[in-house]
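Student: Could you take one turn of the chain as a starting point, look at it closely, and then follow the related features outward through the rest of the model? I would like one connected account.

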Amino acid sequence: MKKIGILTSGGDCQALNATMRGVAKSLFHQLDKVEIYGFLEGYKGLMHGNYKKMTEKDFSGILTRGGTILGTSRQPFKKMRDIEDGFDKVKAMKDTYKKLGLDCLVVLGGNGSLKTANLLSEEGLNVIGLPKTIDNDIWGTDFTFGFQSAVDIATTAIDCIHTTAESHGRVFIIELMGHKVGWVTLHAGIAGGADVVLIPEIPYDIDKICKALKAREKAGKGFSIIAVAEGASSKEDAALPKKERKAKLAESPYPSAAYEVAAKITEQTGAEVRVTVPGHTQRGGSPCPYDRVLSSRLGAMGAKLVIEEDYGKLVVIRNDDVVAIPLAESAGKLKYVDPEDDIIASAKLLGISFGD
Ligand code: F6P
């Protein structure tokens with residue numbers, strides 16, 4: 001008999017339900033007796049003992065369903081140890097775990113949530129992590145679930161902009177999510193045939209961007225598509241100390257990175273520039289087939305670790321093999337795009353400008 005707690009934490013993504021289903025289906029298939037407790041709204045549910053006992057039926061029919069049947073919330077890691085209004089969050093989570101007599105807690109989360117998972121593991125709970133996020137920025141895994149689905153949506157957005165950009169002969173900028181990294185923008189930018197791709201890992205020079213646009217114009221191309229990551233910044237801003245950069249950003253007259261690039265292009269070239277921000281649509285809807293397969297594989301491995309009582313692990317995919325690594329090895333590290341990587345070199349050979 002195994003008693004498992006499960007929760008989804010942080011920003012949602014398309015394949016959370018598919019991954020929970022993968023864990024549950026595999027456990028129900030292999031064990032005679034298993035009890036699964038789903039905590040509502042992530043760590044909040046664990047803190048306040050807000051959960052529901054789930055049956056096999058709860059995990060049925062959710063492979064294709066976006067969002068999370070458990071709900072989610074952001075509970076910042078840096079505040080986890082703070083006692084707020086006399087409430088000790090870490091103690092409360094441990095108490096709920098112990099009160100329910102859980103054998104293990106399965107956490108579906110991104111970077112911050114996995115840091116908390118590691119903290120709980122260090123505090124003596126049996127924890128297994130599964131790498132969730134559209135950003136693909138979790139260290140130790142080639143892919144996170146949610147990423148490919150977000151790339152699909154972002155690519156469709158670029159495809160749609162392409163036709164209208166061509167009709168009007170305009171410069172279009174599409175701002176894509178990704179927090180501090182450029183994975184979604186890089187992949188969707190290449191998949192959507194963007195002419196310029198701006199990511200945080202390669203700070204841009206506005207002169208180089210304008211040069212690339214002019215070269216297209218000269219070559220008879222009447223329009224241009226620029227994919228900008230929400231975290232992209234200019235070379236000057238990237239060189240600023242963290243504190244100064246934050247202060248500058250807080251006072252910026254632009255709503256976001258794409259609007260800054262658009263204003264600077266218009267200023268230099270006089271071009272008519274339009275900005276499109278698909279925003280949270282990138283996290284919505286049904287998971288793509290790749291993510292359904294990935295989630296099922298990661299979930300099955302999560303169940304294997306539960307059965308083998310191999311705790312304190314994060315399930316990852318490396319070179320198409322699903323393996324487990326210590327939670328502590330990944331926690332607190334971000335996986336950035338490497339500007340020296342082959343994918344950047346190939347994109348440059350195709351003529352894509354990174355504004356560098
Ligand atoms: O981490 C996923 C993500 O969508 C990031 O790409 C983005 O920066 C952030 O979450 C947005 O957060 P929120 O949903 O809280 O606005």
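**A loop between two strands, and what follows from it**

Tutor: Asp-320 sits in the loop that leads from strand E12 (313-318) to strand E13 (321-326). The model is a predicted one, and in it the phi of Asp-320 is near 65 degrees, a positive value in a residue that is not glycine. That deserves attention, because most residues other than glycine have a negative phi. Glu-41 also has a positive phi, near 55 degrees, and is likewise a residue other than glycine. Its setting is again a loop, here the one between strand E2 (34-39) and helix H2 (43-47). With a relative accessible area of 33%, Glu-41 counts as partly exposed, because that value falls between the 20% and 50% cut-offs.

From strand E12 (313-318) one can move to the charge pairs, of which the whole structure holds 17 that qualify as salt bridges. The background is simple: side chains of opposite charge can pair when their charged atoms come close. In one of these pairs, Glu-123 and Lys-94 bring their closest N and O atoms to 2.6 Å. Because Glu-123 belongs to the loop between helix H4 (111-122) and strand E7 (127-131), while Lys-94 belongs to helix H3 (residues 89-100), this contact ties together parts that lie 29 residues apart in sequence. Glu-123 itself is partly exposed, at 26% relative accessibility.

A second salt bridge joins the side chains of Asp-237 and Lys-248, with an N to O distance of 2.5 Å. This pair links distant parts of the chain, since Asp-237 is in helix H8 (residues 235-239) and Lys-248 is in helix H9 (residues 242-250), 11 residues apart. The two partners fall into separate exposure classes: Asp-237 counts as buried at 11% relative accessibility, whereas Lys-248, with a relative accessible area of 44%, is partly exposed.

Asp-310 and Lys-313 provide a further example, their side chains meeting in a salt bridge at 2.8 Å, N to O. Asp-310 is partly exposed, with 26% relative accessibility. Beyond single pairs, Arg-81, Lys-94 and Glu-123 are joined into one network by salt bridges that share partners.

Acidic residues also gather without such pairing: Asp-338, Glu-340, Asp-341 and Asp-342 form a patch of negative charge on the surface. One member of the patch, Asp-341, is placed in the loop between helix H12 (327-330) and helix H13 (342-349), and its 34% relative accessibility makes Asp-341 partly exposed.

For covalent cross-links the result is different in kind, as a search of the whole structure finds 0 disulfides. Cys-104 takes part in none, and the nearest cysteine sulfur, belonging to Cys-13, is 20 Å away, whereas a disulfide calls for two cysteine sulfur atoms within 2.5 Å. Cys-104 is buried, its relative accessible area being 0%, and Cys-210 is buried as well, at 1%.

A last contact brings together residues far separated in sequence. Met-301, in helix H11 (residues 289-308), has its C-alpha 8.7 Å from the C-alpha of Gly-22, although 279 residues separate the two in sequence. Met-301 has a relative accessible area of 16% and is therefore buried, since the limit for that class is under 20%.

Note on methods
Residues are numbered from 1 along each chain as its sequence is written. This is a predicted model: local features need pLDDT of at least 70, side-chain atom pairs count only at pLDDT 80 or more; totals for chains, interfaces and linings use all residues. Side-chain values use heavy atoms; hydrogens and water are left out. Patches are made of residues with over 30% relative accessible area and no salt bridge: like charges are joined within 9 Å, nonpolar side chains (Val, Leu, Ile, Met, Phe, Trp, Tyr) within 5 Å. Accessible areas come from the Shrake-Rupley method with a 1.4 Å probe; for residues, only the protein chains shown count as cover. A salt bridge is a side-chain nitrogen of Lys or Arg within 4 Å of a carboxyl oxygen of Asp or Glu. Lys and Arg count as positive and Asp and Glu as negative; His and the chain ends are not counted. The place of a charge is taken as NZ of Lys, CZ of Arg, CG of Asp or CD of Glu. Helices (H or I, at least four residues) and strands (E, at least two) are DSSP runs, numbered from the N terminus. Buried means under 20% relative accessible area, exposed over 50%, partly exposed in between (1.4 Å probe, protein chains only).
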